[in-house]
Amino acid sequence: MKLRPTRDAKRAAAETPRNVSRETWLPPAEEAWQEPTTADTPIGAEAERAVRILHNAKGQQLRRPPRQRVFTIANQKGGVGKTTTAVNVAAALALQGLKTLVIDLDPQGNASTALGIEHRPGTPSSYEVLIGEITLESALQQSPYSERLYCVPATIDLAGAEIELVSMVAREGRLRNALATLKEYDFDYVFIDCPPSLGLLTINALVAAPEVLIPIQCEYYALEGVGQLLRNIDMVKAHLNPLLDVTTVVLTMYDGRTKLADQVAEDVRSHFGDKVLRTVIPRSVKVSEAPGYGMTILEYDPGSRGAMSYLDASREIAERAHGPARAQ
Ligand SMILES: Nc1ncnc2c1ncn2[C@@H]1O[C@H](COP(=O)(O)OP(=O)(O)OP(=O)(O)O)[C@@H](O)[C@H]1O
Ligand SMILES: [Mg+2]
């Protein structure tokens, strides 16, 4: 499959006014979740919204999936929202009652940072797990914000793993083998956050998970490289993991003020059909600020549109778990 921006997308790009910022700026009215409140001040209204959203989310516990669902979050294009999607969907599922694990497989360690998880050099991490020094269990850390949310952090040591793994036995299946030892934790969802490359780390993630989630940024060139990713997924499926499937595509950083964003969304929907979540993640300053505080958007600003959209996305993902629910 050749995935290129269509002529319409190119035209939309050309028509996009020059003064439309590509920065994470939104007018205040777009940033806030617009629902009537009884509060007199903007801060009061925001607090009221946050309380309502958190209350609804906690009250609306999701059904456990029939069996553990493991997702690799991959797109070799950098900065498309892989990590943001991994941590916020995971936090949203945990908030709604499901036991969730994020495995940070990117030496940048952004998922660990965003979850407020220690990942200084020397911290037991995905690196030691991959090279077989420790078990996955001994690298697990619980999120400071939720008893149902866990993370296996990544430290900078992981940067050397691509090379070290080359000469190792069963180098592509090391994460899968490590994950198989975690049965007693009974996680409902596992998300593996990949680096922006198609090297051995991403291959380990693709071998360990039956489901692939591809975040696609609503920008020009969004589909660049996705064809290559799909070919790699096919190769891993053919040789290493017959269960592998792209089940979910998430449109990220959608900016409703540009025609281009709609055009990209349309192109992606025409390529991937109903694998694309109905929920689109808006471009939002709050979403980009949250990791700086070691928080997901659900802790940082639960009343924001970003938090609402990740809650909606998590519910859609959970709805797609087919078969009878597990015991609660
Ligand atoms: N919905 C959003 N609105 C605004 N900014 C966002 C949004 N989602 C992500 N960002 C910001 O965009 C940048 C890239 O996001 P993120 O780190 O999630 O992408 P990534 O695909 O994991 O990047 P990498 O390939 O480097 O691992 C980050 O600074 C993040 O805070
Ligand atoms: Mg990332």
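In this short talk I will walk through the fold of one protein chain, a few of its helices, and some residues in its loops.

I should say at the start that this is a predicted model, and everything I describe is to be taken in that light. The protein chain has 14 helices and seven strands, and of its 328 residues, buried ones make up 48%. If we take the contacts between residues at least 6 apart in sequence, 80% of them join residues at least 24 apart.

Let me begin with helix α4, which runs over residues 82–95. How many of the residues of α4 are buried? The count is 14 of 14, and the helix is accordingly described as mostly covered. Its length also agrees with expectation, because 14 residues at 1.5 Å a residue should span 20 Å, and the end C-alpha atoms of α4 are indeed 20 Å apart. After the helix comes Gly 97, with a positive phi near 100°.

One partner of α4 is helix α14, residues 305–319, and here we can look at how the two pack. Two packed helices are described by the angle between their axes and the distance between the axes. For α4 and α14 the angle is about 75° and the axes are 8 Å apart; since an angle from 65 to 115 degrees counts as roughly perpendicular, that is how this pair is described. On the α4 side the residues that meet the partner are Asn 88, Val 89, Ala 92 and Leu 93, while α14 brings Tyr 310, Leu 311, Ala 313, Ser 314, Ile 317 and Ala 318. Sorted by kind, the residues of this contact are eight nonpolar and two polar, with no charged residue among them.

Next I would like to turn to helix α10, residues 226–239, which has 14 residues and reaches 20 Å from its first C-alpha to its last, close to the 20 Å expected. Which residues of α10 are buried? They are Val 226, Leu 229, Ile 233 and Val 236, and they cover an arc of only 80° around the axis, which puts them on the same side of the helix. It may help to recall that an α-helix has 3.6 residues a turn, so residues three or four places apart point the same way. On the other side of α10 we find Arg 231, Ala 238 and His 239, which are exposed. The cover over the buried residues of α10 includes helix α9, at 200–208, together with the strands β6, at 211–217, and β7, at 245–252.

Helix α11, residues 259–272, also has 14 residues, and its 20 Å from first C-alpha to last is close to the expected 20 Å. Its buried residues are Leu 260, Ala 261, Gln 263, Val 264, Asp 267 and Val 268. Seen down the axis, these fall within an arc of 165°, so they line one face of α11. Just after the helix, Gly 273 takes a positive phi of about 55°.

That brings me to the loops, and to a point about backbone angles. Most residues other than glycine have a negative phi. Asp 186, however, has a positive phi near 55° without being a glycine, and it is found in the loop between α8 and β5. Asp 186 counts as exposed because it has 10 C-beta neighbours inside 10 Å. Tyr 221, in the loop between β6 and α10, is likewise not a glycine and has a positive phi of about 70°; with 13 C-beta neighbours inside 10 Å, Tyr 221 counts as partly exposed.

In the loop between α8, at 174–180, and β5, at 189–193, there is also Phe 187, which is partly exposed, with 18 other C-beta atoms within 10 Å. What does Phe 187 contact, leaving aside its neighbours within four places in sequence? The answer is Gln 68, Lys 99, Thr 100 and Leu 101. Of these, Lys 99 is 88 residues away from Phe 187 in sequence, yet their C-alpha atoms are 5.1 Å apart in space.

My last residue is Glu 118, in the loop between α5, at 110–114, and α6, at 126–130. Glu 118 is partly exposed, with 15 other C-beta atoms within 10 Å. Not counting residues up to four places away in sequence, Glu 118 touches Thr 123, Gln 141 and Pro 153.

Conventions:
Residues are numbered from 1 along each chain as its sequence is written. Chains are lettered from A and ligands numbered from 1 in the order in which they are written. This is a predicted model: local features need pLDDT of at least 70, side-chain atom pairs count only at pLDDT 80 or more; totals for chains, interfaces and linings use all residues. Axes are lines fitted to C-alpha atoms, for helices over the stretch in contact, and angles run from 0 to 180 degrees between N-to-C directions. Helices (H or I, at least four residues) and strands (E, at least two) are DSSP runs, numbered from the N terminus. Angles under 35 degrees count as roughly parallel, over 145 as roughly antiparallel, 65 to 115 as roughly perpendicular and the rest as oblique. Two residues are in contact if their C-beta atoms, placed from the backbone, lie within 7 Å. Ala, Val, Leu, Ile, Met, Phe, Trp, Tyr, Cys and Pro count as nonpolar, Asp, Glu, Lys and Arg as charged, and the others, Gly among them, as polar. The expected span of a helix is 1.5 Å times one less than its number of residues. A residue is buried if 20 or more other C-beta atoms lie within 10 Å of its own, exposed if 12 or fewer, and partly exposed in between; C-beta atoms are placed from the backbone. The arc is that of the directions from the helix axis to the C-beta atoms.
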